[in-house]
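Work through the exercises below with the sequence and the 3D structure open. Each task is followed by a solution in steps.

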Amino acid sequence: MRMKSLAVALTLLAAPVAAQEVKVGIAAEPYPPFASPDASGNWVGWEVEIIGAVCTAAELNCVITPVGWDGIIPSLVAGQIDAIMASMSITEERMQTIDFSNKYYNTPTVIVGTKGVDMAPTAEGLAGKIIGVQVSTVHEAYVNKHFAATAAEVKTYQTQDEANQDLVAGRIDAIQADSIALDAFLASEAGAACCDLKGAVADDKEVLGLGVGVGLRKGEDELKAKFNAGIDKIRADGTYDTITAKYFASSIYGD
């Protein structure tokens, strides 16, 4: 009987430990080429693939969980999701509420505006213009800080696509967002016809942050270490570059 009990105990010890399940929140609003649903409703894009690669490297069982962007941090804090991988910039303001992993990408912030209209990505260059930004983003904070005093209006949108559509329709003069997201817009038929790149805004790390990281609840140090290890591993073994090359012509990891 003792031998049978010992055999059972050894079998349990030898059994593989199930990977930790982690609900990874992404923004429910499409944000190509980072994350958007395909025709079958499956989420695809650079960030979706990076989530899969990081979680595999970190030995985490990650479940992608779409959440409305403006409620994604409250969902994390409330325990409805366990992590955020939704192009969320690491900022001092956000770090008062949540923690972050190391960055996994960092790209410039740019202004795109109506073709043929002279404007520069400065307060003077955007004077009298209507500027569109996605609500609850670092871009909204930046525009309010640097351009609102001279702009005719700062108009906010629930999604970046809505801002893009209003620019195409001529209801606003310019939009501000991440350069890669707006590259995709300018490569579209509508974007190429109406608009062009006006340039990158001056850096402001206090607002724009230190790159994009995994958002985590404060005190989740073990989970943070796993995500950091996963990011480091895919950077070192070439997986990160392989995924990136499918979507972008050059590295987006940043300095």
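**Exercise 1: a helix and what follows**

Just after α2, glutamate 59 has a positive phi of about 60 degrees. The model used in these exercises is predicted.

Task: What span should helix α2 have at 1.5 Å a residue, and what is the distance between its end C-alpha atoms?

Solution.
- Step 1. Helix α2 covers residues 46-57, which makes 12 residues.
- Step 2. The expected span is 1.5 Å times one less than the number of residues, so the helix should span 16 Å.
- Step 3. The end C-alpha atoms of α2 are 16 Å apart, which agrees with the expected value.
- Step 4. As for cover, nine of the 12 residues of α2 are buried. Among them are Trp46, Val48, Ile51 and Cys55.

**Exercise 2: unusual backbone angles**

Task: Where do serine 87 and serine 136 lie, and is each one buried or partly exposed?

Solution.
- Step 1. Start from the general rule: most residues other than glycine have a negative phi, and most peptide bonds are trans.
- Step 2. Serine 87 has a positive phi, near 55 degrees. Serine 87 sits in the loop between β5 (83-84) and α4.
- Step 3. Buried means under 20% relative accessible area. Serine 87 has 12%, so this residue counts as buried.
- Step 4. Serine 136 also has a positive phi, near 60 degrees, and is placed in the loop between β8 and α5.
- Step 5. Partly exposed covers the range between under 20% and over 50%. Serine 136, with a relative accessible area of 37%, is therefore partly exposed.
- Step 6. The second part of the rule concerns peptide bonds. Proline 32 and proline 33 are joined by a cis peptide bond, with omega about 5 degrees. Proline 33 belongs to the loop between β1 and β2 (36-37).

**Exercise 3: strand pairing**

Task: Which way does β10 run relative to β7, and which way relative to β8?

Solution.
- Step 1. Strand β7 (residues 109-114) is joined to β10 by five bridges, and the two run antiparallel. In this pair, glycine 113 stands opposite alanine 174.
- Step 2. Strand β8 (residues 130-134) pairs with β10 in the parallel sense, over two bridges. Here glycine 132 has isoleucine 175 as its bridge partner.
- Step 3. β8 has a further pairing: five bridges join this strand to β9 (residues 153-157), and the two run parallel. Valine 133 of this pairing stands opposite threonine 156 in β9.
- Step 4. Now check cover. In β10, five of five residues are buried. In β8, four of the five are buried.

**Exercise 4: two pockets**

Task: What is the volume of the largest pocket, and which residues are closest to its centre?

Solution.
- Step 1. The largest pocket has a volume of about 650 Å³. Its lining has 35 residues, and the closest to its centre are Ser89, Thr107, His139, Asp178 and Val212.
- Step 2. Elements that each supply at least two lining residues include β1 (20-27), α5 (138-146), β10 (174-178) and α9 (205-208).
- Step 3. Sorted by kind, the lining of the largest pocket has 17 nonpolar, 11 polar and seven charged residues.
- Step 4. The second largest pocket holds about 350 Å³ of space. Of the 17 residues in its lining, Thr91, Glu93, Arg94, Ser136 and Thr137 lie nearest its centre.
- Step 5. α3 (72-77), α4 (92-95), α5 and α9 each give at least two residues to the lining of the second largest pocket. That lining divides into eight nonpolar, four polar and five charged residues.

**Exercise 5: three single residues**

Task: Are aspartate 204, asparagine 228 and glutamate 162 buried or partly exposed?

Solution.
- Step 1. Aspartate 204 is in the loop between β11 (195-200) and α9. Its relative accessibility is 10%, so aspartate 204 counts as buried.
- Step 2. Apart from neighbours within four places in sequence, aspartate 204 is in contact with Tyr142, Lys145, His146 and Gly209.
- Step 3. Asparagine 228 belongs to helix α10 (residues 221-236). At 13% relative accessible area, asparagine 228 is buried.
- Step 4. Not counting residues up to four places away in sequence, asparagine 228 touches Ser101 and Asn102.
- Step 5. Glutamate 162 is part of helix α6 (residues 160-169). With a relative accessible area of 36%, glutamate 162 is partly exposed.

Definitions and conventions: Residues are numbered from 1 along each chain as its sequence is written. This is a predicted model: local features need pLDDT of at least 70, side-chain atom pairs count only at pLDDT 80 or more; totals for chains, interfaces and linings use all residues. Side-chain values use heavy atoms; hydrogens and water are left out. On a 1 Å grid over the protein atoms alone, a cavity is a set of points where a 1.4 Å probe fits but cannot get out, and a pocket is an open set with protein on both sides within 12 Å along at least five of seven lines; lining residues have an atom within 4 Å of a point. Grid points are joined across faces, edges and corners, and a volume is the space filled by probe spheres set on the points. Ala, Val, Leu, Ile, Met, Phe, Trp, Tyr, Cys and Pro count as nonpolar, Asp, Glu, Lys and Arg as charged, and the others, Gly among them, as polar. Buried means under 20% relative accessible area, exposed over 50%, partly exposed in between (1.4 Å probe, protein chains only). Contact means heavy atoms within 4.5 Å. Two strands pair if DSSP finds at least two bridges between them.
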